[in-house]
Amino acid sequence: MIEKLNEVEKRYIEVNDLVCNPEIVSDQEKYTKLMREIKHLTPVVEKFREYKKAEATFNESKEMLDEGGLDADFAQMLREEFEQSKADMEKINEELKVLLLPRDPNDDKNVIIEIRGGAGGEESALFAGVLFRMYSMYAESKGFKTEVLNANETGLGGYKEISFSVEGDGAYSRFKFESGVHRVQRVPETESQGRIHTSTTTVAVLPEAEEVDFEINPKDLQIDTFRSSGAGGQHINKTSSAIRITHLPTGTVVECQDERSQHKNKEKALKVLRSRLYDAEKAKHDAEIAGERKSQVGTGDRSERIRTYNYPQGRVTDHRIGLTIYKLEQFLNGDLDEMIDALITADTAEKLKAQSEE
């Protein structure tokens, strides 16, 4: 591990020199890429330098104690210094193991989130709206920007489906564990008898793919225009601005009717299509890696029931890590950090365990 850390520090010094080069500074793409690399290397290098400082203190105090001939007070001080630096080295060593875990290459990407009503009809569509609001409020609290890409509203204000983008540094790292089936238990607004119903809503979180990540051959696309449809409004069904794109090799269909401009709808639909195809390729690649150990937390199985929102008891339970939070209202108002941090911690622990078994 020390050899690897020395290489990381060497690269850190090299990249810092490069970003001072006028030729690099004038090339915005290269400069941005290197600055991003510095951002990821910095915490590792800082922690490694802490380790080396503790190691130097450890060796120095050990050497002086081994030599002997010290007065009692000074020897006691050195022993305390020796024990403290030893404990510091052990602690920092564990922190470095986490920092050296392979990073998810998608963590820095923007995301596209797709929410679809599942079992439960209108109640499921209404809960899709609740989840959309929850994620929007969480994104806002993180300084991320959201934009609706497509929405299919119901008459009562819910969504049969809604897709939206979240833009911001590290958006995927915060949202990636939200993919799966979300179950709600509550008395529906549509229910007059006061009985608790259970319904489900499906969430898919896709890393937003750049054109360089996934190139689409225009010949593989069938593009149709149609008139917008929805719950109503003065601009509905006036013009054929809605776009439907079919990716012929895979049969993937994306619709976008949120904008009045056909060009903007096409742009948004292509963004979603590219991300869906990229995500499908990523899932296929992950599955093909021989002997790959899947994290218990997981980020891709959309048929997996991951969370229950129980209104009568005011609780949210994540079934993957067995965590229950009794702050449903705050959670639905976008206070997701406690849950997301716990999921990240569980995922990290699983990766460390897998690494130790290799």
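In the predicted model, helix H3, which spans residues 28-67, contributes three residues to the negative surface patch, the largest share of that patch. The patch itself is formed by Glu 60, Glu 63, Glu 67 and Glu 81, and Glu 60 is among the residues found in helix H3. Since membership is restricted to residues with over 30% relative accessible area and no salt bridge, the four glutamates Glu 60, Glu 63, Glu 67 and Glu 81 that make up the patch are to be read under that cut-off.

Helix H3 also takes part in the second largest pocket, to whose lining it supplies six residues, the largest share. This pocket encloses about 790 Å³ of space, and 26 residues line it, of which Val 98, Leu 99, Leu 101, Arg 103 and Asp 107 are the closest to its centre. At least two lining residues each are supplied by helix H1 (2-18), H3, helix H4 (72-99) and helix H9 (337-357).

Salt bridges number 28 in the structure. In one of them, the side chains of Lys 176 and Asp 104 meet at 3.3 Å, N to O. Because Lys 176 lies in the loop between helix H6 (171-175) and strand E4 (180-186), whereas Asp 104 lies in the loop between H4 and strand E1 (111-117), the pair ties together parts that are 72 residues apart in sequence.

How values were computed: Residues numbered from 1 in each chain as written. Predicted model: local features only at pLDDT ≥ 70, side-chain atom pairs only at ≥ 80, totals over all residues. Heavy atoms only, no water. Patch = residues over 30% accessible without salt bridge, like charges linked within 9 Å, V, L, I, M, F, W, Y side chains within 5 Å. Areas by Shrake-Rupley, 256 points an atom, 1.4 Å probe, with all protein chains shown as cover. Lys, Arg positive; Asp, Glu negative; His and termini not counted. Charge placed at Lys NZ, Arg CZ, Asp CG, Glu CD. Helix = DSSP H or I, 4+ residues; strand = E, 2+ residues; numbered from the N terminus. 1 Å grid on protein atoms, 1.4 Å probe; cavity = no way out; pocket = protein on both sides within 12 Å on 5 of 7 lines; lining within 4 Å. Points joined across faces, edges and corners; volume = space filled by probe spheres on them.
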